[in-house]
Amino acid sequence: MWERWNSYTVKDGFGDVNMNSFNHYAYGAVHEWVMRHICEIRLTAPGGKEICFAIEPDTRLKFVNSSLITPYGKVESNWEVADDKIIWHISAPANTRICVKIPTGYCCNNATEKLPCGSYDLVLTPETKGK
(Lines give C-alpha, C1' and ligand atoms only; values in the text may rest on other atoms or scores of the structure.)
Protein backbone atom coordinates (compact mmCIF):
# COMPACT_ATOMS: atom_id res chain seq x y z
CA MET A 1 0.00 0.00 0.00
CA TRP A 2 1.27 3.45 -0.79
CA GLU A 3 -0.04 6.95 -1.13
CA ARG A 4 1.31 10.43 -1.49
CA TRP A 5 2.22 12.88 1.26
CA ASN A 6 0.96 15.87 -0.64
CA SER A 7 -2.67 14.77 -0.97
CA TYR A 8 -3.70 18.37 -0.46
CA THR A 9 -1.76 21.57 -1.00
CA VAL A 10 -2.96 25.16 -0.93
CA LYS A 11 -1.49 25.71 -4.40
CA ASP A 12 -2.94 22.62 -6.13
CA GLY A 13 -5.87 21.57 -3.94
CA PHE A 14 -6.66 17.83 -3.73
CA GLY A 15 -4.51 15.35 -5.64
CA ASP A 16 -5.65 12.24 -7.49
CA VAL A 17 -8.54 10.72 -5.48
CA ASN A 18 -7.26 7.18 -6.13
CA MET A 19 -4.29 7.82 -3.84
CA ASN A 20 -5.75 10.05 -1.08
CA SER A 21 -6.72 8.49 2.21
CA PHE A 22 -5.52 11.18 4.67
CA ASN A 23 -4.68 8.27 6.96
CA HIS A 24 -0.92 8.56 7.20
CA TYR A 25 0.52 6.39 9.93
CA ALA A 26 3.01 9.13 10.81
CA TYR A 27 0.23 11.36 12.18
CA GLY A 28 -0.87 8.60 14.58
CA ALA A 29 2.73 7.86 15.49
CA VAL A 30 3.25 11.44 16.69
CA HIS A 31 0.10 11.26 18.81
CA GLU A 32 1.15 7.91 20.26
CA TRP A 33 4.59 9.28 21.15
CA VAL A 34 3.10 12.31 22.92
CA MET A 35 0.64 10.13 24.86
CA ARG A 36 3.35 7.64 25.83
CA HIS A 37 6.13 10.08 26.76
CA ILE A 38 5.13 13.71 27.16
CA CYS A 39 1.87 13.17 29.07
CA GLU A 40 1.16 9.46 29.57
CA ILE A 41 -2.17 8.08 30.70
CA ARG A 42 -1.96 4.28 30.82
CA LEU A 43 -4.81 1.98 31.84
CA THR A 44 -3.25 -0.84 33.86
CA ALA A 45 -6.43 -2.69 34.83
CA PRO A 46 -9.47 -3.65 32.74
CA GLY A 47 -11.74 -0.73 31.83
CA GLY A 48 -9.43 1.74 33.50
CA LYS A 49 -9.93 0.58 37.09
CA GLU A 50 -6.29 1.58 37.65
CA ILE A 51 -4.67 4.46 35.81
CA CYS A 52 -0.93 5.14 35.72
CA PHE A 53 0.28 8.66 35.04
CA ALA A 54 3.79 9.52 33.86
CA ILE A 55 5.40 12.50 32.17
CA GLU A 56 8.74 13.34 30.62
CA PRO A 57 8.65 17.11 30.91
CA ASP A 58 10.50 19.25 28.42
CA THR A 59 10.53 22.87 29.53
CA ARG A 60 10.55 24.02 25.90
CA LEU A 61 6.88 23.02 26.00
CA LYS A 62 5.10 25.43 28.30
CA PHE A 63 1.80 23.53 28.65
CA VAL A 64 0.64 20.00 27.79
CA ASN A 65 -2.87 18.65 28.21
CA SER A 66 -4.25 15.15 27.63
CA SER A 67 -7.44 13.33 28.53
CA LEU A 68 -9.12 10.01 27.98
CA ILE A 69 -12.69 8.78 28.44
CA THR A 70 -12.95 5.40 30.21
CA PRO A 71 -15.99 3.38 31.31
CA TYR A 72 -15.50 5.00 34.76
CA GLY A 73 -15.38 8.55 33.38
CA LYS A 74 -12.90 11.17 32.21
CA VAL A 75 -9.19 10.87 33.07
CA GLU A 76 -6.98 13.95 32.77
CA SER A 77 -3.31 14.78 32.91
CA ASN A 78 -1.81 18.16 32.19
CA TRP A 79 1.31 20.02 33.17
CA GLU A 80 2.73 23.47 32.80
CA VAL A 81 6.03 25.17 33.43
CA ALA A 82 5.90 27.74 36.25
CA ASP A 83 9.26 29.38 37.02
CA ASP A 84 11.60 26.48 37.80
CA LYS A 85 8.76 24.08 38.67
CA ILE A 86 6.38 21.82 36.81
CA ILE A 87 2.78 21.98 38.01
CA TRP A 88 1.22 18.61 37.13
CA HIS A 89 -2.52 18.11 37.45
CA ILE A 90 -3.92 14.57 37.36
CA SER A 91 -7.50 13.47 37.76
CA ALA A 92 -9.15 10.04 37.85
CA PRO A 93 -12.88 9.27 38.19
CA ALA A 94 -14.65 7.62 41.11
CA ASN A 95 -14.00 3.93 41.83
CA THR A 96 -10.52 3.94 40.28
CA ARG A 97 -6.95 3.83 41.60
CA ILE A 98 -4.03 6.01 40.59
CA CYS A 99 -0.37 5.17 40.21
CA VAL A 100 2.07 8.04 39.66
CA LYS A 101 5.58 7.87 38.24
CA ILE A 102 7.57 10.95 39.19
CA PRO A 103 9.91 11.79 36.29
CA THR A 104 13.64 11.22 36.62
CA GLY A 105 15.45 14.35 37.73
CA TYR A 106 12.49 15.73 39.67
CA CYS A 107 11.20 15.39 43.20
CA CYS A 108 7.68 15.89 44.46
CA ASN A 109 6.94 16.42 48.12
CA ASN A 110 3.18 15.96 47.83
CA ALA A 111 2.88 12.65 45.99
CA THR A 112 3.07 8.98 46.68
CA GLU A 113 3.28 6.20 44.15
CA LYS A 114 -0.31 5.06 44.78
CA LEU A 115 -3.30 7.37 45.32
CA PRO A 116 -7.06 6.96 45.56
CA CYS A 117 -9.26 8.39 42.80
CA GLY A 118 -9.62 12.15 42.71
CA SER A 119 -7.84 15.25 41.47
CA TYR A 120 -4.32 16.20 42.48
CA ASP A 121 -1.97 19.09 41.75
CA LEU A 122 1.60 17.87 42.03
CA VAL A 123 4.49 20.31 42.21
CA LEU A 124 7.68 18.94 40.69
CA THR A 125 10.99 20.60 41.37
CA PRO A 126 14.33 19.73 39.78
CA GLU A 127 16.50 17.55 42.02
CA THR A 128 19.57 19.31 43.34
CA LYS A 129 22.83 17.88 42.11
CA GLY A 130 24.78 16.02 44.75
CA LYS A 131 21.70 14.69 46.53
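Is asparagine 95 buried or exposed, and what is its relative accessibility? Asparagine 95 has 53% relative accessibility, and exposed means over 50%, so asparagine 95 counts as exposed. The model discussed here is a predicted one.

Asparagine 95 belongs to strand β7. Its phi is positive, about 70 degrees, although the residue is not a glycine. Another residue with a positive phi is aspartate 83, which is not a glycine either; its phi is near 55 degrees. Aspartate 83 is found in the loop between β6, residues 73-82, and β7, residues 85-101. The relative accessible area of aspartate 83 is 76%, and the cut-off for exposed is over 50%, so this residue is exposed.

From this loop the reader can go back along the chain to β5 and β6. Strand β5 covers residues 63-70 and pairs with β6 in the antiparallel sense, over eight bridges. One of the residues involved is isoleucine 69, whose bridge partner in β6 is lysine 74. The connection from β5 to β6 is a hairpin of two residues. A general point helps when looking at any strand: in a regular strand, side chains alternate between the two faces of the sheet.

Strand β7 also holds histidine 89. Why does histidine 89 count as buried? Its relative accessibility is 19%, and buried means under 20%, so histidine 89 falls within the buried class. The side chain of histidine 89 makes a polar contact with the side chain of aspartate 121, at 2.8 Å. Strand β7 therefore contains a residue that counts as buried, histidine 89, and a residue that counts as exposed, asparagine 95.

The next topic is the cysteines. A disulfide is a covalent bond between the sulfur atoms of two cysteines. How many disulfides does the structure hold? The structure holds one. The disulfide joins cysteine 52 to cysteine 99, with a distance of 2.0 Å from S to S. This pair links distant parts of the chain, 47 residues apart: cysteine 52 is in strand β4, residues 50-54, and cysteine 99 is in strand β7. The link of cysteine 52 and cysteine 99 is right-handed, with 115 degrees about the S-S bond. Cysteine 52 and cysteine 99 are both buried.

Two further cysteines can be described by their accessibility. Cysteine 39 has 0% relative accessibility, so it counts as buried. Cysteine 117 has 31% relative accessibility; partly exposed lies between the cut-offs of 20% and 50%, so cysteine 117 counts as partly exposed.

The last topic is empty space. Rolling a probe the size of a water molecule over the atoms shows where empty space is left. The largest pocket has a volume of about 150 Å³. Which elements give two or more residues to the lining of the largest pocket? These elements are α1 (25-38), β3 (40-43), β4 and β7. Strand β4 gives three residues, the largest share of the lining. The lining has 13 residues, and those that lie nearest the centre of the pocket are Glu40, Ala54, Ile55, Glu56 and Lys101. By class, six of the lining residues are nonpolar, two are polar and five are charged.

Strands β4 and β7 thus come up twice in this account. They carry the two cysteines of the disulfide, and they are among the elements that line the largest pocket.

Definitions and conventions. Residues numbered from 1 in each chain as written. Predicted model: local features only at pLDDT ≥ 70, side-chain atom pairs only at ≥ 80, totals over all residues. Heavy atoms only, no water. Helix = DSSP H or I, 4+ residues; strand = E, 2+ residues; numbered from the N terminus. Buried < 20%, exposed > 50% of the residue type's maximum accessible area, 1.4 Å probe, protein only. Pairing = 2+ DSSP bridges. Disulfide = S-S within 2.5 Å. 1 Å grid on protein atoms, 1.4 Å probe; cavity = no way out; pocket = protein on both sides within 12 Å on 5 of 7 lines; lining within 4 Å. Points joined across faces, edges and corners; volume = space filled by probe spheres on them. Nonpolar A, V, L, I, M, F, W, Y, C, P; charged D, E, K, R; others polar. Polar contact = N/O pair within 3.5 Å; in protein donor to acceptor, adjacent residues only side chain to side chain.
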